[in-house]
Amino acid sequence: MNKPIENITPHKSMTDIIRYYDHTQSDYGLLWLDKNNRAVHFGYYDENAKKHHDALANLNRVLADMAGIKENETVLDAGCGQGGSSVWLAENRGVKVIGITPVESQVIAANRFIDQKGLAGKVQVEIGNYTQTRFADNSFDVVWACESLCHADKKEEFYREAYRILKPGGRLIAAEYIRSEDSYHDEGDTLLTQWLHGWSINSIDSEEQHHSHAKQSGFEKITIRDVTENTEPSLRVLYRLSIILKPLGYFLRFFRIRSEYQHGNLIGSLRQYQALKKGFWFYGIISAQKSG
């Protein structure tokens, strides 16, 4: 008999990441995405955003403001999903964006969205790996990573590549799940593993690890801000939806109507919030600058 997926802790490969997003695209579309921004990320609640769809777009605004993104700059959206942030940046900040993702189905969905918005000349989305890109040194003003850095097996590889392709004085901005401590035992490891592996993530790094990776790559002005207070309402929305859908999810998984990736997505959506309330991780925004 197969073990329940919540008790399995295999190493997640790039193939698993691609399959996860292929299998869960309908889940995101049904329960989360706003048709106007296609945001495959959590929302940021403040005085500018009190509702789910507003909060999704608002996270883009917060990141763009923190990165000081200006008109006519060139941005790499590293792990761009369905192009939600890429399109938002082009529409609202007047920048040129190249988005990369390893998931072909996301490239197709993103390019369809870009065409609908009439932004084919401003936004380009293609298959790519943000730890090994095709771009020349000093190509971008900003590297943007919204809840995508977590998928890197070795986070330091992302930082090194981001530094290489940024222009002198270029900026890095990332919204990221950050481990509260370097190590846990028992409950912490169990909750984090069930959450992360359900979302095809091998591990998340601590604040100290992120700072070290960025510094060793050459970045300066490194800041890591805990914005859990602003994102917690969005995390809670996903958790409550998952509680409601849990009985149906188990039923459909038992009869193999839903795949292990879809079931893992459900389990991860439950465990992320449980782990958050236990203090095992926080939602952070990382910013850094390449020396000029």
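Contact means that heavy atoms lie within 4.5 Å. The structure treated here is a predicted model, in which local features need pLDDT of at least 70 and side-chain atom pairs count only at pLDDT 80 or more, while totals for chains, interfaces and linings use all residues. Residues are numbered from 1 along each chain as its sequence is written, and side-chain values use heavy atoms, with hydrogens and water left out.

**Exercise 1. Two helices**

Task: Determine which residues of α1 meet α9, and how the two axes are arranged.

Solution. Step 1: Helices (H or I, at least four residues) and strands (E, at least two) are DSSP runs, numbered from the N terminus. Helix α1 covers residues 14-31 and helix α9 covers residues 260-277.

Step 2: On the α1 side, the residues in contact are D16, R19, Y20, H23, T24, S26, D27 and Y28; on the α9 side they are Y261, Q262 and N265.

Step 3: Axes are lines fitted to C-alpha atoms, for helices over the stretch in contact, and angles run from 0 to 180 degrees between N-to-C directions. The axes of α1 and α9 come within 8 Å and cross at roughly 75°. Helix α1 is therefore roughly perpendicular to α9 (under 35 degrees counts as roughly parallel, over 145 as roughly antiparallel, 65 to 115 as roughly perpendicular and the rest as oblique).

**Exercise 2. The sheet**

Task: State the order of the strands in the open sheet and identify the edge strands.

Solution. Step 1: Two strands pair if DSSP finds at least two bridges between them. The seven strands follow the order β3-β2-β1-β4-β5-β7-β6, and the pairing is mixed.

Step 2: β3 (123-127) and β6 (219-226) each pair on one side only and are the edge strands. From one strand to the next, the twist averages 15°.

Step 3: Individual pairs may now be examined. β2 (residues 96-101) joins β3 in the parallel sense through five bridges, with V97 opposite V123 and I100 partnered by E126. β1 and β2 are also parallel, over five bridges; here L76 faces I98 and A78 faces I100.

Step 4: β1 (residues 74-78) pairs with β4 in the parallel sense over three bridges, and D77 has W144 as its bridge partner. Between β4 and β5 (residues 166-179) there are six bridges, again in the parallel sense, and V143 stands opposite L172.

**Exercise 3. Crossovers**

Task: Which helix links β1 to β2, and which lies in the unit with β4 and β5?

Solution. Step 1: A crossover is right-handed if, with the strands pointing away from the viewer, the path from the first strand over the helix to the second runs clockwise.

Step 2: From β1, the chain passes through α3 (residues 84-93) to β2 in a right-handed β-α-β crossover. Helix α5 (residues 155-165) forms a right-handed β-α-β unit with β4 and β5. A right-handed unit is also made by β2, α4 (residues 104-117) and β3.

**Exercise 4. Burial and cores**

Task: Are the residues of β1 and β4 buried or exposed, and which residues have the most contacts inside the largest nonpolar core?

Solution. Step 1: Buried means under 20% relative accessible area, exposed over 50%, partly exposed in between (1.4 Å probe, protein chains only). Five of the five residues of β1 are buried, so this strand is largely enclosed by the rest of the structure. The same reasoning applies to β4 (residues 140-146), with seven of seven buried.

Step 2: T74, L76 and A78 point one way from β1, and V75 and D77 the other way.

Step 3: A nonpolar core is a set of buried Ala, Val, Leu, Ile, Met, Phe, Trp, Tyr and Cys residues joined through side-chain atoms within 4.5 Å. The largest has 60 residues, and L89, W144, Y177, I204 and W281 have the most contacts inside it. Helix α2 (residues 52-67) supplies the largest share, seven residues. Apart from this core lies another, of 27 residues, including I100, F140, L149 and F158.
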